[in-house]
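Q: I am new to this structure. Please pick one part of it and take me through that part closely. Tell me too how far the model can be trusted.

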Amino acid sequence: MNPDEAIPHRCGVLGLGLHTDALPHALQALWQRAQAQLPESAYASACAPQPICAVAVLDTKAGHPALEAWMSAVVPSAVLVRVPPGQLPGQPVVTQSPRMLARYGTGSVAEAAALAAAGPHSALSVTRLVADDGSATLALAVGQGGPLNCCLAHASQAKNQGATA
């Protein structure tokens, strides 16, 4: 494939909200619930070899032990996107939690983080899901990607710079 050729694809970005007591199994259960909500065609049209190109969290949660363990086991090639709280307000979220509105200026951290990381013209494919124990939330946004290898190139660039996105 010519590297200059752009092959349109849809890039999946998971947004996660994490409490300090969240565990990897709660994230895995949320991911399984999200996958069950996706039509087969949506799942297949996101980035290969997995549908998730990035995982977006509040920048203060990027080092969460459950996040690190879950990502390394389930989505090891996904890029971790650290979203500053100032990027959450104004994202077109569906969920309207009064508590999150008061704290972060958005109704859902997971939805807003996913949309912020997915970029312009992104949309929610899975609205906020809440872990059974309440320790985590998950949402999935899909954005229009560029070349088919954009996600892998982004991940490679981030590793070469010695940091995540």
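**Confidence, then the core**

A: Start with confidence. This is a predicted model, with an average pLDDT of 81 for the protein. Of the residues, 73% score at least 70. Confidence is not even along the chain. Helix H3, residues 65-74, has the highest mean, at 95. Helix H6, residues 150-160, has the lowest, at 45. Two stretches call for care. Over residues 41-50, pLDDT stays under 50. The model still gives that stretch 18 contacts beyond four places in sequence. Residues 146-150 also stay under 50, and here the model has eleven such contacts.

Now the overall plan. The protein has 165 residues, and 45% of them count as buried. Its secondary structure consists of six helices and five strands. In sequence order they run β-α-α-β-α-β-α-α-β-β-α. Many contacts span long stretches of chain. Take the contacts between residues at least 6 apart in sequence: 69% of them join residues at least 24 apart. The outside can be summed up as well. The accessible surface is about 8,200 Å². Carbon and sulfur atoms account for 55% of it.

The part to look at closely is the largest nonpolar core. It has 27 residues. Leu16, Val55 and Trp70 have the most contacts inside it. Several elements feed this core. Strand E1 (10-18), helix H1 (24-37), strand E2 (52-58), H3, E4 and strand E5 (136-144) each give at least two residues. H1 gives the largest share, five residues. There is also a second, separate core, with 19 residues. Ala56, Val81, Ala118 and Ala141 are among its members.

Begin with leucine 16. Leaving out residues up to four places away in sequence, its contacts include Val55 and Trp70. Those are the two other residues named with leucine 16 for the most contacts inside the core. Leucine 16 also touches Leu27, Ala56, Val57 and Leu67. Further along the sequence, Val109, Ala110, Thr137 and Leu138 are contacts of leucine 16 too. Ala56 deserves a second glance: leucine 16 touches Ala56, yet Ala56 belongs to the second core.

Move on to leucine 18, which is also in strand E1. Leucine 18 counts as buried because its relative accessibility is 9%, under the 20% cut-off. With close sequence neighbors again left out, up to four places away, Leu27, Val57 and Leu67 are among its contacts. Leucine 16 has those three as contacts as well. Leucine 18 also touches Lys61, His64, Ser135 and Ala136. Compare sequence and space here. Leucine 18 and leucine 58 are 40 residues apart along the chain. Their C-alpha atoms are 8.6 Å apart.

Glycine 12 is another residue of strand E1. At 1% relative accessibility, glycine 12 counts as buried. Its C-alpha atom is 8.7 Å from that of valine 55. Along the chain, 43 residues separate the two.

Next comes H3, the helix with the highest mean confidence. Its buried residues are Ala66, Leu67, Trp70 and Met71. They lie on the same side of H3, because they cover an arc of only 120 degrees around the axis. Leu67 and Trp70 are both touched by leucine 16. The other side of H3 has Pro65, Ser72 and Ala73, which are exposed.

Finish at a loop, the one between helix H5 (109-118) and strand E4 (123-130). Two residues of this loop make a sharp contrast. Histidine 121 sits in it and counts as exposed, at 75% relative accessibility. Histidine 121 also has a positive phi, about 65 degrees, although it is not a glycine. Serine 122 is in this loop too, but serine 122 counts as buried, at 17% relative accessibility.

What lies around the side chain of serine 122? One of its polar atoms is 2.7 Å from the backbone oxygen of glycine 119. The backbone oxygen of leucine 115 is 3.4 Å from a polar atom of the serine 122 side chain. Beyond four places in sequence, serine 122 touches Leu115, Val142 and Gly143.

Key: Residues are numbered from 1 along each chain as its sequence is written. This is a predicted model: local features need pLDDT of at least 70, side-chain atom pairs count only at pLDDT 80 or more; totals for chains, interfaces and linings use all residues. Side-chain values use heavy atoms; hydrogens and water are left out. Helices (H or I, at least four residues) and strands (E, at least two) are DSSP runs, numbered from the N terminus. Buried means under 20% relative accessible area, exposed over 50%, partly exposed in between (1.4 Å probe, protein chains only). A polar contact is a pair of N or O atoms within 3.5 Å; within protein, one must be able to donate a hydrogen and the other to accept it, and residues adjacent in sequence count only if both atoms are side-chain atoms. Contact means heavy atoms within 4.5 Å. pLDDT is the predictor's confidence in each residue, from 0 to 100. Accessible areas come from the Shrake-Rupley method with a 1.4 Å probe; for residues, only the protein chains shown count as cover. A nonpolar core is a set of buried Ala, Val, Leu, Ile, Met, Phe, Trp, Tyr and Cys residues joined through side-chain atoms within 4.5 Å. The arc is that of the directions from the helix axis to the C-beta atoms.
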